Amino acid sequence: MRTSNFPATSRAARYAGAEGIGLYRSEFLLAGDLSGASSVAAALNDLPDEDTQFEIYRGMLEGMAPGMVTVRTFDVDEDQLAQRSSPTLGGGWAADDGRASRQGLRGLRLSLTRPELFQVQLRALLRAARHGQLRIMFPFVSGVEQLRQAKQMVAEAAAELARRGQQAPVVPIGVMIEIPAAAYTADLLAREVDFFTIGTNDLIQYCLAVDRADERVSRLYEPLHPAILRMILMVRRAAARRRIPVSLCGEMASDPALLTLLVGLGLTEFSMTPGAIGVAKQVLAEVKMHEMRAVARRILRLPTVDEIERELLAALGRLTVTRE
């Protein structure tokens, strides 16, 4: 069980029983509030330089030692980055107002268009890796080509540090599975990385074509949709075949009922806010893996969300009565 958070709450995470930080959203560094900002839209005069980032990452790694810390590289879109362009990092970044839509130019895709910005972050991360257990995760990956470009940039960052006389340790590299393209090519991506994290919030949104902010369709945002459950299972199996760890983050992990079903789908590693860890640990302590696997097998044969919900609640009720 890991927390999905940032340095200011590492003490709370430890108190709650977290075994590490499963998702550090590094884009919070772009918000100017290093204690943990709630929005990357906050004003900032300058992007954090390499030394600033290094100190933050090092402090987080030392604070969570010996636990693992997974840092997701900047996951912002072009509008958010344009608001905080920096002359020292190339500057002059402006969103293309001629485009009708900017959907999809974010995460790793955007980082690859700004190699100087990306290299600064990668060098800071590799320097910090000497001070704890670090994993680097790339967001919004849709194919092996992007992943290989990013891995090459990690190698270049390590080579630059070596030229400075700073040897960087080998750091596990992973991807966030959060769009259908990544889920359907999970078997191919698994050959290239050391771990997966399933990001359920975006995976549900993009798979079901539902914008949760749009009240007209927000009711269609369904974590228990058969397509979502099958996609999660597919990713878990792809990771198992390559013997790489897979974790899950997002709101699904914080829902006790859904958490038990995820266990039935074969997941054992979850990332959530510190406040959800206590309840999750209690729920998991009462769950028997073989029972939930049987429930999951039945649920995967059901065609509608309503039927899945009824079966899950009924199964949990039966299991509770049996134990009592």
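Phe140 is buried, with a relative accessible area of 2%, well inside the 20% cut-off for that class. In this predicted model, Phe140 sits in the loop that links strand 4 (133–138) to helix 6 (144–163). Its backbone deserves a look as well: Phe140 is not a glycine, yet its phi is positive, at about 60 degrees.

Arg243 makes a good partner for a side-by-side view. Phi of Arg243 is also positive, near 60 degrees, in a residue other than glycine. Arg243 belongs to a loop too, the one between helix 10 (226–242) and strand 7 (246–249). Here the surroundings are those of the surface: Arg243 is exposed, with a relative accessible area of 78%. A positive phi turns up again just after helix 9, where Ala209 follows the helix with a phi near 55 degrees.

One more backbone feature lies in the loop between helix 2 and strand 3 (68–72), which holds Pro66. The peptide bond leading from Ala65 to Pro66 is cis, and its omega is near 5 degrees.

**The chain as a whole**

Stepping back, the protein chain contains 14 helices and eight strands. Of its 324 residues, 51% are buried. Among contacts with a separation of 6 or more, 69% join residues that are 24 or more positions apart.

Some individual pairs give a feel for such sequence separations. The table lists three of them, with distances taken from C-alpha to C-alpha.

| Pair | Separation in sequence | C-alpha distance |
|---|---|---|
| Ile21 and Ser271 | 250 residues | 7.5 Å |
| Glu50 and Leu117 | 67 residues | 9.5 Å |
| Asp306 and Leu224 | 82 residues | 8.8 Å |

Each pair includes a residue whose setting can be described further. Ile21 is part of strand 2 (residues 20–25), and at 1% relative accessibility Ile21 counts as buried. Glu50 is found in helix 2 and is likewise classed as buried, at 9% relative accessibility. Asp306, in helix 14 (residues 305–323), is partly exposed, with a relative accessible area of 48%.

**Helix 2 and its buried face**

Helix 2 (residues 50–64) can be checked against simple geometry. Its 15 residues, at 1.5 Å a residue, should span 21 Å, and the end C-alpha atoms are indeed 21 Å apart, so the two values agree. Which residues of helix 2 are buried? They are Glu50, Gln53, Phe54, Ile56, Tyr57, Met60, Leu61 and Met64. Viewed down the helix axis, these buried residues fall within an arc of 170 degrees, so they line one face of helix 2. A general point helps in reading such a pattern: an α-helix has 3.6 residues a turn, so residues three or four places apart point the same way.

Glu50 gives a closer view of what surrounds this helix. Leaving aside residues up to four places away in sequence, Glu50 touches Val120, Arg123, Ala124, Arg127, Leu161 and Arg164.

**Helix 9 and its neighbours**

In helix 9 (residues 200–208), the buried residues are Thr200, Asp202, Leu203, Ile204 and Leu208. What do the buried residues of helix 9 pack against? Their partners are strand 5 (173–177), helix 7 (180–184), strand 6 (195–199), helix 10 and strand 7.

**Helix 11 meets helix 13**

Two packed helices are described by the angle between their axes and the distance between the axes. For helix 11 (residues 256–264) and helix 13 (residues 289–299), the angle is about 95 degrees and the axes are 7 Å apart. With 65 to 115 degrees as the range for roughly perpendicular, helix 11 and helix 13 therefore fall into that class. On the helix 11 side, the contact is made by Thr260, Leu261, Val263 and Gly264, while helix 13 brings Met289, Met292, Arg293, Ala296 and Ile299. By type, the residues of this contact divide into six nonpolar, two polar and one charged.

Helix 13 has its own buried set, made up of Met292, Val295, Ala296 and Ile299. Seen down the axis of helix 13, its buried residues fall within an arc of 100 degrees, so they line one face of the helix. Met292, Ala296 and Ile299 are among the buried residues of helix 13, and these three also take part in the contact with helix 11.

Technical notes:
Residues numbered from 1 in each chain as written. Predicted model: local features only at pLDDT ≥ 70, side-chain atom pairs only at ≥ 80, totals over all residues. Heavy atoms only, no water. Axes fitted to C-alpha atoms, helices over the stretch in contact; angles between N-to-C directions. Helix = DSSP H or I, 4+ residues; strand = E, 2+ residues; numbered from the N terminus. Parallel < 35°, antiparallel > 145°, perpendicular 65-115°, else oblique. Contact = heavy atoms within 4.5 Å. Nonpolar A, V, L, I, M, F, W, Y, C, P; charged D, E, K, R; others polar. Expected span 1.5 Å × (residues − 1). Buried < 20%, exposed > 50% of the residue type's maximum accessible area, 1.4 Å probe, protein only. Arc of directions from axis to C-beta.
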